[in-house]
Amino acid sequence: MIVALIIACEIGFWALLAAGLAFRYLLRMPRTGLALLLCEPVLEVVLLVVTAWDLKNGAEPDWTHGLAALYIGYTVGHGHRTVTWLDGHAAHRLDGRPLVRPPRHGLARARHETKVWLGTVVAAAVATALLQLAIWYVGDPGRVTSLESWRATAWRAAGIHGLITLTYWLWPKKQPPGGTGTAQDAGTDREKAVR
């Protein structure tokens with residue numbers, strides 16, 4: 001049941017996102033679009049309540065409960081950034097606004113990647129807190145080993161992401177000669193390469 005709810009929440013996330021952007025840019029109803037986008041967190045609250053209810057009714061804590069905690073953590077850590085990124089692309093495609101891209105070179109790129117990694121750290125912290133609450137809620141050390149392993153999984157993912165982020169600091173990508181490192185320069189460089 002939990003896995004089906006996670007899938008439903010993911011489908012709901014994208015459906016609300018598409019509807020919100022459609023109302024904002026296609027139907028020119030920005031307030032309605034914003035209201036739909038603000039409904040996104042309700043999905044995670046529903047998942048959290050159902051997961052707690054499942055455990056309260058005596059369900060054996062297993063990988064589905066751990067996955068639910070990681071899903072909620074990911075949404076808290078990266079959901080806003082994902083919505084902002086997609087909103088920028090929708091504004092560019094549907095409203096003619098300039099597309100804002102993250103930096104591509106040097107220390108600016110390293111700082112950007114560090115902010116993304118901090119979202120992963122927040123995700124791991126939220127997942128850990130939810131898993132710990134579930135462990136205390138169940139109250140039986142023999143039944144919660146799968147939940148404990150999910151805590152390690154969350155921090156393993158954050159550690160791997162941190163190592164990848166560190167590479168942007170240690171080996172920053174150089175700007176092309178004569179370029180400013182913007183997305184427009186990348187397009188110009190591709191055009192020059194074709195010629």
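Me: Why is E113 called buried in this structure?

Reply: In this predicted model, E113 has a relative accessible area of 12%, and because buried means under 20% relative accessible area, E113 counts as buried. The residue lies in helix α5, and, leaving out residues up to four places away in sequence, E113 touches T165 and Y168.

Me: What makes the largest nonpolar core a core, and which residues have the most contacts inside it?

Reply: A nonpolar core is a set of buried residues of certain kinds, Leu among them, joined through side-chain atoms within 4.5 Å, and the largest such set here has 30 residues, with L17 and L47 having the most contacts inside it. At least two residues of this core come from each of α1, α2, α3, α4, α5 and α6, while the largest share, 9 residues, is supplied by α1. If neighbours within four places in sequence are set aside, L17 is in contact with L37, E40, V83 and L86.

Me: How do you know where α4 and α5 meet, and at what angle do their axes cross?

Reply: The axes of these two helices come within 8 Å and cross at roughly 145°, and the crossing in which α4 passes α5 is right-handed. Contact means heavy atoms within 4.5 Å, and the residues that make this contact include A69, I72 and V76 of α4 and V122, A123 and V126 of α5. Sorted by class, the contact has 12 nonpolar, 7 polar and 1 charged residues.

Me: What is said of the phi of R28, and where is R28 placed?

Reply: R28 is not a glycine, although its phi is positive, at about 55°, and R28 has its place in the loop between α1 and α2.

Methods. Residues are numbered from 1 along each chain as its sequence is written. This is a predicted model: local features need pLDDT of at least 70, side-chain atom pairs count only at pLDDT 80 or more; totals for chains, interfaces and linings use all residues. Side-chain values use heavy atoms; hydrogens and water are left out. Buried means under 20% relative accessible area, exposed over 50%, partly exposed in between (1.4 Å probe, protein chains only). Helices (H or I, at least four residues) and strands (E, at least two) are DSSP runs, numbered from the N terminus. Axes are lines fitted to C-alpha atoms, for helices over the stretch in contact, and angles run from 0 to 180 degrees between N-to-C directions. A crossing is left-handed if the near helix is turned anticlockwise from the far one by less than a right angle, and right-handed if clockwise. Ala, Val, Leu, Ile, Met, Phe, Trp, Tyr, Cys and Pro count as nonpolar, Asp, Glu, Lys and Arg as charged, and the others, Gly among them, as polar.
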